[in-house]
Amino acid sequence: MYSETFIPAVASLGSLALVLGIIILFVSRKFFVAEDPTVSMINALLPGVNCGACSFPSCNQFAEELVRTRNPAMTCPVGGGELASKLGTALGITMAEPKPVTCVVLCQGHNGNARESAQYLGIQDCWAAAQTFAGTKQCRFACIGLGSCIAYCDFNAMRIENGLVVIDRELCTGCGACIPACPYGVLAMQEKKTERYFIACSSHDRGADTRKACDAGCTACQKCVKECPEQAIVIDNFLASIIQEKCTSCGKCIEVCPTKVNCILRVRDLDSVKSKKAS
Amino acid sequence: MKTFKTGGIHPPEQKLTSGKAVEVMPLPPELAVSMSQHLGKPAKPVVKVGDEVGKGQLIGTADGFISANVHAPTSGKIRAVKPHPHPGGQYSMTVFITPDGLDKWQEGLNTPEIDWKTLSKEEILRRITDAGVVGMGGAGFPSGVKLSPPKDKTIDTVILNGAECEPFLTADHRVMVEEPEAIVKGLEIITHLFQGKARAVIGIESNKPDAVAALKKHAEPKGIEIVTLETKYPQGAEKQLIDAITGRTVNEGELPFDKGCLVHNIGTAVAIFDAVCRNRPLIDRVVTVSGMEIRSARNIRVLVGTKFSEIAAFCGSMTEKTNQVITGGPMMGKAQFSLDVPVTKTTSGILFINNIGLEKSGEKTCIRCSRCISACPQNLQPWLLANTAQLRDFESIELYGMSNCTECGSCSYVCPSKRELVHWIRFAKTLAGKRKQRQSA
């Protein structure tokens with residue numbers, strides 16, 4: 001009994017759907033773009049986080065470029081050696097294996113070590129704090145600890161602990177997206193090693209000033225420089241640094257470091273490298 | 001009474017020290033003279049550790065076009081040259097001088113007053129540049145550069161800024177009351193540099209009637225106008241002062257000389273007079289030490305390089321309740337992170353404040369009340385700029401007129417949601433600048 005109301009509605013909408021369907025069919029045939037199936041296959045292998053570590057804006061563009069050029073030197077630092085071999089088999093070439101790198105924090109000035117100069121109440125962002133004064137800590141090279149870098153990490157590998165950024169080495173892929181996010185350049189990339197030594201301090205202040213500001217600061221005392229049998233430690237502008245290529249991981253520098261909290265850190269990377277490959 | 005057209009606020013004046021004569025602070029045990037006391041490139045130190053310097057001797061030379069000389073504020077020995085906290089919020093190269101107590105001028109400086117009319121224009125400009133005179137209102141733009149505008153611009157109005165619109169500050173006020181002759185002579189020197197045809201005006205806010213009276217007595221016989229301005233913040237901002245006195249608007253990207261104007265601070269006029277007529281470099285200034293938490297608030301004449309901690313001790317020390325020390329006024333001044341910072345040529349005031357309960361720490365969301373828009377003297381929409389800065393959208397923020405913001409703080413003052421509007425805009429300015437650098441690199 002309602003037929004006179006719904007029949008015209010069904011008929012008009014149905015015919016409209018039919019016409020539009022025909023147009024869609026026509027357009028999809030007419031403007032069909034042939035997509036290389038290899039690209040989508042390669043894209044599926046990639047991590048898919050679009051972190052930009054390979055210098056391409058997205059994983060898809062990396063895949064397109066790789067399929068087009070078949071350049072074995074192109075690497076995805078995030079995927080590491082495992083991904084390189086997978087990509088190699090998929091494309092039938094031998095891919096270069098990227099050096100496993102990781103992010104390190106060149107500062108140990110957490111709230112227990114570093115002394116505060118003033119309380120900061122403004123916008124909770126490192127860049128905003130950096131323009132008001134040289135950080136909340138007395139040391140003007142220290143990690144501010146407001147965590148502007150965390151937003152740049154696609155792998156949830158960073159967190160703030162006790163006023164200092166901490167990197168989860170299991171999760172860090174070494175993409176390097178966090179490096180420019182730090183106003184004081186506290187973050188750096190280092191190649192993974194079985195046993196790696198580095199100076200976890202960025203302070204270029206004179207020794208006395210560094211010691212006043214922080215318990216874990218490098219005072220440029222020269223002791224480790226004299227002790228190192230390989231001459232792998234150099235001091236530049238009141239800050240020691242270890243040349244990783246020369247370092248043989250003998251560990252003598254750590255024994256002589258006189259700072260209250262050792263400013264030289266020892267890290268064993270091999271376990272984490274292995275466990276990542278296994279998973 | 002004259003005033004600028006749009007926006008403005010009227011915070012409590014709090015001029016606690018307006019009736020107190022300027023006292024001279026005794027020589028401190030050590031002076032930390034910063035090499036970066038002006039806008040532009042820091043000066044290059046020309047002394048070594050162990051050198052003996054005379055009062056007024058050059059210790060830092062201007063490095064580049066926009067830079068200024070720095071002189072030893074007293075005679076003594078150089079103890080160190082190293083980075084030291086700066087009231088601007090960073091570390092800067094600083095020369096430490098241990099005074100020998102003799103306070104002996106270097107020969108040829110601080111001579112008896114001569115008539116400036118006997119000097120040529122080039123000689124006047126050279127003396128101003130050599131003496132390291134910079135704008136003493138706060139920005140510290142080198143005066144020698146400001147006084148030599150491009151050849152194709154004609155200056156028809158020279159304005160002396162005696163508005164002193166910031167609450168608490170009375171340094172310019174006291175100088176106007178105590179040294180009106182020097183101010184008038186300084187202004188005459190400036191107008192002389194522009195063929196003497198320029199109209200000379202001194203703008204003073206209506207809350208300083210004694211300064212108006214003192215200056216009127218000396219200025220009017222010389223044909224200098226005294227304009228009384230409404231007491232309103234930010235009356236003393238360059239663009240607002242030009243608007244109030246001449247009715248001209250300085251648009252985005254323009255400088256005052258594009259509109260035929262030149263604005264100098266009261267203190268700068270005195271420094272120019274000292275430099276030209278007495279060959280005396282800029283080594284001291286009048287500073288207002290005020291705020292609720294200093295035991296004896298006063299105006300003092302201090303040497304450049306005196307540490308804030310010594311000034312606090314001279315003024316009867318601060319109370320235990322002090323939790324913020326600000327250099328400059330409460331609206332545009334900067335909170336300090338250390339009391340070791342020294343006075344520079346641009347330190348107009350030091351305020352000791354207890355702001356418990358007034359902190360801006362609890363930012364709440366914008367309720368679209370539009371008070372910031374009514375308060376903005378630059379016709380901007382501060383809430384929009386801050387929101388865009390929060391989104392890190394540094395392309396759009398340029399279109400919304402970020403570079404027009406003078407950071408006067410009127411918007412943050414009126415915001416009922418306690419939003420850090422000015423801080424967000426400053427944050428955006430820094431990061432947008434970094435972004436441009438990276439793009440061009």
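**Exercise 1. The two domains of chain A**

Determine how many residues of domain 1 of chain A are in contact with domain 2 of chain A, and classify those of domain 1.

*Solution.* In this predicted model, 8 residues of domain 1 of chain A are in contact with 9 residues of domain 2 of chain A. On the domain 1 side, the touching residues comprise 5 nonpolar, 2 polar and 1 charged. The assignment places domain 1 at 37-91 and domain 2 at 101-278 of chain A. Between the C-alpha centres of these two domains the distance is 31 Å.

**Exercise 2. The contact between the chains**

State how many residues each chain gives to the contact, and identify which element supplies the largest share of the chain B side.

*Solution.* Step one is the count: chain A contributes 13 residues and chain B contributes 15. Step two concerns the elements of chain B: β8 (90-99) and α13 (421-440) are those that give two or more residues to the side touching chain A. Of these, α13(B) provides the largest share, with 6 residues. Step three is the composition: the chain B side holds 5 nonpolar, 6 polar and 4 charged residues.

**Exercise 3. A sheet in chain B**

Give the strand order of the open sheet of 6 strands in chain B, and explain why one side of β1 and of β16 is left without a neighbour.

*Solution.* The order is β1-β14-β13-β17-β15-β16, and the pairing is mixed. β1 (23-24) and β16 (334-335) of chain B occupy the edges; each has a single partner strand, so one side of each lacks a neighbour in the sheet. For β1(B), pairing with β14 (residues 298-303) of chain B is parallel and extends over 2 bridges. Within that pairing, V24(B) has R301(B) of β14(B) as its bridge partner. A helix is then added to the picture: α3 (residues 171-178) of chain B lies across β13 (284-290), β14 and β17 (349-353), at about 125 degrees to β13(B).

**Exercise 4. The nonpolar cores**

Identify the residues with the most contacts inside the largest nonpolar core, and name the helix that gives this core its largest share.

*Solution.* The largest core has 168 residues, and I159(B), I183(B), I272(B) and I425(B) have the most contacts inside it. Helix α7 (residues 266-278) of chain B gives the largest share, 9 residues. Taking I183(B) as an example, and setting aside neighbours within four places in sequence, its contacts are L160(B), M176(B), L215(B), I266(B), A269(B) and V270(B). A second, separate core has 14 residues, among them I42(A), C54(A), L66(A) and M95(A).

Note on methods
Residues numbered from 1 in each chain as written. Chains lettered and ligands numbered in written order. Predicted model: local features only at pLDDT ≥ 70, side-chain atom pairs only at ≥ 80, totals over all residues. Domains from an automatic or database assignment. Contact = placed C-beta atoms within 7 Å. Nonpolar A, V, L, I, M, F, W, Y, C, P; charged D, E, K, R; others polar. Helix = DSSP H or I, 4+ residues; strand = E, 2+ residues; numbered from the N terminus. Pairing = 2+ DSSP bridges. Axes fitted to C-alpha atoms, helices over the stretch in contact; angles between N-to-C directions. Core = buried A, V, L, I, M, F, W, Y, C linked by C-beta atoms within 7 Å. Buried ≥ 20, exposed ≤ 12 C-beta atoms within 10 Å, placed from the backbone.
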